[in-house]
Structures are given as C-alpha cells and as structure tokens.
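This report is intended for a reader new to the structure. It describes selected side-chain pairs, a pocket and a strand with its partners.

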Amino acid sequence: MIYIATFYSHFGAVRFKKECRKENISAEAMPVPRDLSSSCGTCVRFETDKKIDTFIWSQEVEQVVQIAESGYHILWKQM
C-alpha cells in the first residue's frame, strides 16, 4: 500500500523519513499534493505492507492518507 503523511513542520517530515528508512520502509520527501493540506508544505510518501493502524504517530504528523484510485482516504488525523 502507498501512503502520504503530512506534517506540521519540515523537521517532522525529515525525522519521519529517517525512521521509515530504519524500518526498511521505502519513503521519499516531496511537496504536499494540492488536494491535501499541510502546515509546512512537505510530506512523505511511503510504501509498506505493514498494518499502519499499529504505528505510533508522533505529534509532528498532521495526517496519514492512503493513495487509492478514487483519491485520498484519510486513515489517521491529529486531533
């Protein structure tokens, strides 16, 4: 599955990308797609077969969406 995580700060995106790489999860930083909003303008696109509902999201993560043919599906959002 392919996902996008958005962040409140660029630092949060960089940190998340490094954590993905430590876990052998393919990840790349990129500009946030126009259909999604973000405080910092940087997101991380990552791909994993792991269940992301077991992930512990830091306070730096704004939201996590799954990329689907029909668009983006919000899976987790910071409250």
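## R15 and its salt bridge

R15 is partly exposed, because its relative accessible area is 40%, and values between 20% and 50% are classed in that way. The model in which this residue is described is a predicted one. The side chain of R15 meets that of E60 in a salt bridge, with a distance of 3.5 Å from N to O. This pair links distant parts of the chain: R15 belongs to helix α1, which covers residues 10-22, whereas E60 lies in the loop between β3 (42-47) and β4, and the two are 45 residues apart.

## Further salt bridges

The count of salt bridges comes to four. Besides the pair just described, two others are treated here.

One of them joins the side chains of K50 and E23, at 3.8 Å from N to O. K50 is in the loop between β3 and β4 and E23 is in the loop between α1 and β2 (26-31), so the salt bridge ties together parts that are 27 residues apart in sequence. K50 has a relative accessible area of 39% and is partly exposed. E23 also counts as partly exposed, with a relative accessibility of 47%.

Another salt bridge is formed by the side chains of E28 and R45, which meet at 3.9 Å from N to O. Here the pair links strand β2, which holds E28, with strand β3, which holds R45; these residues are 17 apart, and the link is again one between distant parts of the chain. E28 is partly exposed at a relative accessible area of 39%, and R45 is partly exposed at 27%.

## The largest pocket

The largest pocket contains about 290 Å³ of space. Its lining is made up of 15 residues, and those that lie nearest the centre are F16, E19, C20, F55 and I56. Helix α1, the element that also holds R15, provides the largest share of this lining, namely five residues. By character, the lining residues of the largest pocket divide into eight nonpolar, two polar and five charged.

## Strand β4 and its partners

Strand β4 is mostly covered, since six of its eight residues are buried. β4 pairs with strand β1 (residues 2-7) in the antiparallel sense, over five bridges. Within β1, T6 stands opposite Q63 of β4.

β4 also pairs with strand β5 (residues 71-77), again in the antiparallel sense, over six bridges. I67 stands opposite Y72, a residue of β5. The connection from β4 to β5 is a hairpin that passes through two residues. In a regular strand, side chains alternate between the two faces of the sheet.

## Residue Q66

Q66 is placed in strand β4, which spans residues 61-68. Is Q66 buried or exposed? Q66 is buried, because its relative accessible area is 17% and the limit for a buried residue is under 20%.

Apart from neighbours within four places in sequence, Q66 is in contact with M1, I2, Y3, G71, Y72, H73 and L75. One of these contacts, Y72, is the residue that stands opposite I67 in the pairing with β5. By contrast, the C-alpha atoms of Q66 and H10 are separated by 20 Å, with their positions 56 residues apart along the chain taken as the distance apart.

Conventions: Residues are numbered from 1 along each chain as its sequence is written. This is a predicted model: local features need pLDDT of at least 70, side-chain atom pairs count only at pLDDT 80 or more; totals for chains, interfaces and linings use all residues. Side-chain values use heavy atoms; hydrogens and water are left out. Helices (H or I, at least four residues) and strands (E, at least two) are DSSP runs, numbered from the N terminus. Buried means under 20% relative accessible area, exposed over 50%, partly exposed in between (1.4 Å probe, protein chains only). Contact means heavy atoms within 4.5 Å. On a 1 Å grid over the protein atoms alone, a cavity is a set of points where a 1.4 Å probe fits but cannot get out, and a pocket is an open set with protein on both sides within 12 Å along at least five of seven lines; lining residues have an atom within 4 Å of a point. Grid points are joined across faces, edges and corners, and a volume is the space filled by probe spheres set on the points. Ala, Val, Leu, Ile, Met, Phe, Trp, Tyr, Cys and Pro count as nonpolar, Asp, Glu, Lys and Arg as charged, and the others, Gly among them, as polar. Two strands pair if DSSP finds at least two bridges between them.
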